[in-house]
Amino acid sequence: MTPAARIETAIVCLDRIAAGEPAEKVLTGWARTARHAGSKDRAAVRDHVFDALRRWWSSAVWGGDQTGRARMIGLLRAEGIDPTTLFTGAGYGPDPLTETERASGTAPEGVDALDCPAWLAPQLRASLDQDFDPVMTALQSRAPVFLRANLVKGDRDSARSALLAEGIETLPHPLSPTALEVTTNPRRVQGSRAWADGLVELQDAASQAIVDLLPLDGTRRILDYCAGGGGKALAMAARTAATIHAHDADAARMRDLPVRAERAGVQIRTVAPGTLSDEDLYDLVLVDAPCSGSGAWRRSPEGKIRLTPQALDRLTALQDRVLCEAVRHVRPGGLLAYATCSLLDVENRARVDHFSAGRATEVVAERHLTPMDGGDGFYCALLRFNP
Ligand SMILES: C[S@@+](CC[C@H](N)C(=O)[O-])C[C@H]1O[C@@H](n2cnc3c(N)ncnc32)[C@H](O)[C@@H]1O
């Protein structure tokens, strides 16, 4: 595919996404039928689409309209590239710009320039304070690729050397003693020997830092109540000999966990939803709660355009419910860790305060991370239950 043809394909995908179809479904649907497209074409189309999602509002203002075509024109203008060099109509590329398109489009201002959903700006501003502008700016760019060195199989240096031998360069990242930032060939990681042998796992550095915060020494039984794919359960298992149980309301989300645990050389027992009883008590229960994902909008930018006030209300109600369910499994004197990848106070400290009201709990540690720290935005509070 020519560079222009990749842009034309991204335009078609963006129009379907704007009409409500999920981005992943649109991209995989296109890739399945596009026999002429090689792996570099697929990656380039995906990058165009995700760049436009991250810059949903600014690209539309630069391009002068809300269409996929205007957004791609806008992205090029924002990067200082004259769109007429690619919009020529040649080689399955987009048609030349009309007179109206040439005359339209301006530099975005205010929340549009930051690609912040206008309705959410007051809440994000209040939550982030003076970091609002730099965090929103950071969320307009792609996320770095991070790995977690698996301490069961070696240390961070040995993982680095093994990756380097396969042409993958990394740098230690200060957010966690296990974090490596991939600086060359990130797309090779999952085909590498180091990954297949379980020396490293793909995991955001902030996610690793949240696990570092958990006091695992001295714990015998840990419940990961919202385990999902098990990223945090695996990171905990690499640091402790405690028994770890992984639970999720949606059992299908834990489907790959046994294979991942085997690759990592750790043991995690999955617990089917609905099978935990009130007698199942743990020293530590982690609630990595379903949330807006606003801290991870670099990685999953579609969330930024789909979130609505109603969806946020539903999420905070769900967070309250999950906390109430999970606390039944904390032993007296045990710990409950509440985490989200959200930047919003309403999903973070406000939920902890709401939950703690009238309960004999004490917040013993709390951490807020934003993309300014290098990884995703994350929040974690550690609560002790006084018997
Ligand atoms: C943020 S994700 C977890 C990510 C995971 N801990 C990781 O590190 O990879 C939140 C998870 O909560 C689960 N969930 C939603 N409602 C739940 C509930 N009532 N009880 C338990 N899990 C729930 C979702 O299915 C989802 O997998």
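This is a short selection-by-selection tour of a predicted model.

**Stop 1: the ligand**

Start by selecting the ligand and the residues around it. The surrounding shell holds 16 residues, and the closest are Cys226, Gly228, Gly231, Ala249 and Asp288. Now colour that shell by residue class: you should find six nonpolar, four polar and six charged residues. To see which helices take part, highlight residues 231-237, which form helix 13, and residues 309-327, which form helix 16; each of these helices supplies at least two residues of the shell.

**Stop 2: the two annotated aspartates**

Keep the ligand in view and select Asp248 and Asp288. UniProt lists this pair under "binding site", in an unreviewed entry. The two positions are spread over 41 residues of sequence, yet they cluster in space, with a largest C-alpha distance of 10.2 Å.

Take aspartate 248 on its own. You will find it in the loop that runs between strand 6 (243-247) and helix 14 (257-264). Is aspartate 248 buried or exposed? It counts as buried, because 23 C-beta neighbours lie inside 10 Å and 20 are enough for that label. Show its contacts next: setting aside residues up to four places away in sequence, aspartate 248 touches Cys226, Ala227, Gly228, Arg253, Met254 and Pro273.

Then move to aspartate 288, which sits in strand 8 (residues 282-288). Aspartate 288 has 25 C-beta neighbours inside 10 Å and therefore counts as buried. Its contacts, again leaving out residues up to four places away in sequence, are Cys226, Lys232 and Ala339. Pause on Cys226 here: this cysteine is touched by aspartate 248 and by aspartate 288, and it is listed among the closest residues to the ligand.

**Stop 3: cysteine 341**

Select Cys341 next. In an unreviewed entry, UniProt lists this residue for "active site". Follow the backbone and you will see cysteine 341 in the loop between strand 9 (330-340) and helix 17 (349-356). This cysteine is buried, with 27 other C-beta atoms within 10 Å. Which residues is cysteine 341 in contact with, leaving aside its neighbours within four places in sequence? Show Cys291, Gly293, Gly295, Ala296, Asp376, Gly377 and Phe378 to see them.

**Stop 4: arginine 260 in helix 14**

Go back to helix 14 and pick out arginine 260, which is part of that helix. Arginine 260 is partly exposed, with 18 other C-beta atoms within 10 Å. Beyond residues up to four places away in sequence, it touches Gly230 and Leu234. For a sense of distance, draw a line from the C-alpha atom of arginine 260 to that of leucine 312: the two are 52 residues apart along the chain and separated by 32 Å.

**Stop 5: helices 4 and 5**

Now select residues 56-63 (helix 4) and residues 68-78 (helix 5). What does their crossing look like? The axes come within 7 Å and cross at roughly 90°, so the two helices are roughly perpendicular to each other. To see the contact itself, show Ser58, Ser59, Ala60, Val61, Trp62 and Gly63 from helix 4, together with Ala70, Arg71, Ile73, Gly74, Leu75, Arg77 and Ala78 from helix 5. Coloured by class, this contact has seven nonpolar, four polar and two charged residues.

From helix 5, continue along the chain to glycine 80, in the loop between helix 5 and helix 6 (99-103). Glycine 80 is exposed, with 6 other C-beta atoms within 10 Å. Another line worth drawing runs from glycine 80 to alanine 317: they are 237 residues apart in sequence and 44 Å apart in space, C-alpha to C-alpha.

**Stop 6: two backbone curiosities**

Most residues other than glycine have a negative phi. Select aspartate 129 and check its backbone: although not a glycine, it has a positive phi of about 55°. Aspartate 129 lies in the loop between helix 8 (121-128) and helix 9 (132-138), and with 8 C-beta neighbours inside 10 Å it counts as exposed.

Finish with asparagine 185, where phi is also positive, near 55°. This residue belongs to the loop between strand 3 (179-182) and helix 11 (193-196). Asparagine 185 has 16 C-beta neighbours inside 10 Å and counts as partly exposed.

Terms used
Residues are numbered from 1 along each chain as its sequence is written. This is a predicted model: local features need pLDDT of at least 70, side-chain atom pairs count only at pLDDT 80 or more; totals for chains, interfaces and linings use all residues. Axes are lines fitted to C-alpha atoms, for helices over the stretch in contact, and angles run from 0 to 180 degrees between N-to-C directions. Helices (H or I, at least four residues) and strands (E, at least two) are DSSP runs, numbered from the N terminus. Angles under 35 degrees count as roughly parallel, over 145 as roughly antiparallel, 65 to 115 as roughly perpendicular and the rest as oblique. Two residues are in contact if their C-beta atoms, placed from the backbone, lie within 7 Å. Ala, Val, Leu, Ile, Met, Phe, Trp, Tyr, Cys and Pro count as nonpolar, Asp, Glu, Lys and Arg as charged, and the others, Gly among them, as polar. UniProt positions are given in the numbering used here, feature names are shortened, and annotations may be inferred rather than shown by experiment. A residue is buried if 20 or more other C-beta atoms lie within 10 Å of its own, exposed if 12 or fewer, and partly exposed in between; C-beta atoms are placed from the backbone. A residue is near a molecule or strand if its C-beta atom, placed from the backbone, lies within 6 Å of it.
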